[in-house]
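These are my notebook entries on one model, set down in the order in which I looked things up.

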Amino acid sequence: MNPETIRHLIEQGLPGARADVRGDDGVHFEATVVSDAFRGKLPLARHRMVYATLGDRMGGEIHALQLKTVTPEEAGAAG
């Protein structure tokens with residue numbers, strides 16, 4: 001598994017989302033995902049939405065995924 005494949009899966013599963021995925025060892029990754037769909041949702045619900053885009057790959061091909069999930073407004077306020 002590679003960061004680009006994970007980015008594609010997340011962005012395909014959450015239309016309109018932007019994902020920045022990093023990871024050098026092929027099994028441990030970190031991602032920042034920006035999506036309007038996160039609006040009004042708690043962090044756990046946001047993470048579950050991302051995990052759903054990856055399905056069975058989580059815990060298998062992807063051993064660990066550290067997530068930062070934000071709305072576009074939260075991303076703008078942070079940077």
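Entry 1, the start of H1. I looked for a polar contact at the beginning of the helix and found that a side-chain oxygen of Asn 2 comes to within 3.0 Å of the backbone nitrogen of Glu 4. I note here that the model is predicted.

Entry 2, the buried face of H1. I asked which residues of H1 are buried. They are Ile 6, Leu 9 and Ile 10. Viewed down the helix axis, these buried residues fall within an arc of 95°, so they line one face of H1. I recall that an α-helix has 3.6 residues a turn, so residues three or four places apart point the same way. I then checked what this face meets: the buried residues of H1 pack against E1, E2 and H2.

Entry 3, the sheet. I traced an open sheet of 3 strands in the order E1-E2-E3, and its pairing is mixed. E1 and E3 are the edge strands, each with a single partner, so one side of each has no neighbour in the sheet. From one strand to the next, the twist averages 15°.

Entry 4, the pairings. I took E1 and E2 as one pair: they run antiparallel and are joined by 5 bridges. Within this pair I recorded Glu 30 of E2 as the bridge partner of Arg 22. E1 and E2 form a hairpin with 5 residues between them, and Gly 26 in the turn has a positive phi of about 85°. The other pair, E2 and E3, is parallel and extends over 7 bridges. There I recorded Leu 67 of E3 as the bridge partner of Ala 31.

Entry 5, helices on the sheet. I looked up which strands each helix crosses. H1 lies across E1 and E2 and runs at about 155° to E1. H2 lies across E2 and E3 and runs at about 130° to E3.

Entry 6, the core. I asked how many residues the largest nonpolar core has. It has 17 residues, and those with the most contacts inside it are Ile 10, Leu 14, Val 33, Val 50 and Leu 65. The elements that give two or more residues to this core are helices H1 (3-13) and H2 (43-54) and strands E1 (18-22), E2 (28-34) and E3 (64-70). As background, nonpolar side chains tend to be buried together in soluble globular proteins. I followed Val 33 further, leaving aside its neighbours within four places in sequence. Its contacts include Ile 10, Leu 14 and Val 50, and also Phe 38, Leu 67 and Val 70.

Entry 7, Thr 53. I asked whether Thr 53 is buried or exposed. The residue lies in helix H2, and it counts as buried because its relative accessibility is 13%, under the 20% limit. I also looked up the polar contact of its side chain, which reaches the backbone oxygen of Val 50 at 2.5 Å. Not counting residues up to four places away in sequence, Thr 53 touches Leu 9, Ile 10, Gly 13 and Leu 14. Of these, Leu 9 and Ile 10 are among the buried residues of H1.

Entry 8, Asp 56. I turned last to the loop between H2 and E3, where Asp 56 is placed. Asp 56 counts as exposed because its relative accessibility is 79%, over the 50% limit. I also looked up its separation from Gly 76, 20 residues apart from it along the chain: their C-alpha atoms are separated by 32 Å.

Definitions and conventions: Residues are numbered from 1 along each chain as its sequence is written. This is a predicted model: local features need pLDDT of at least 70, side-chain atom pairs count only at pLDDT 80 or more; totals for chains, interfaces and linings use all residues. Side-chain values use heavy atoms; hydrogens and water are left out. A nonpolar core is a set of buried Ala, Val, Leu, Ile, Met, Phe, Trp, Tyr and Cys residues joined through side-chain atoms within 4.5 Å. Buried means under 20% relative accessible area, exposed over 50%, partly exposed in between (1.4 Å probe, protein chains only). Helices (H or I, at least four residues) and strands (E, at least two) are DSSP runs, numbered from the N terminus. Contact means heavy atoms within 4.5 Å. A polar contact is a pair of N or O atoms within 3.5 Å; within protein, one must be able to donate a hydrogen and the other to accept it, and residues adjacent in sequence count only if both atoms are side-chain atoms. Two strands pair if DSSP finds at least two bridges between them. Axes are lines fitted to C-alpha atoms, for helices over the stretch in contact, and angles run from 0 to 180 degrees between N-to-C directions. The arc is that of the directions from the helix axis to the C-beta atoms.
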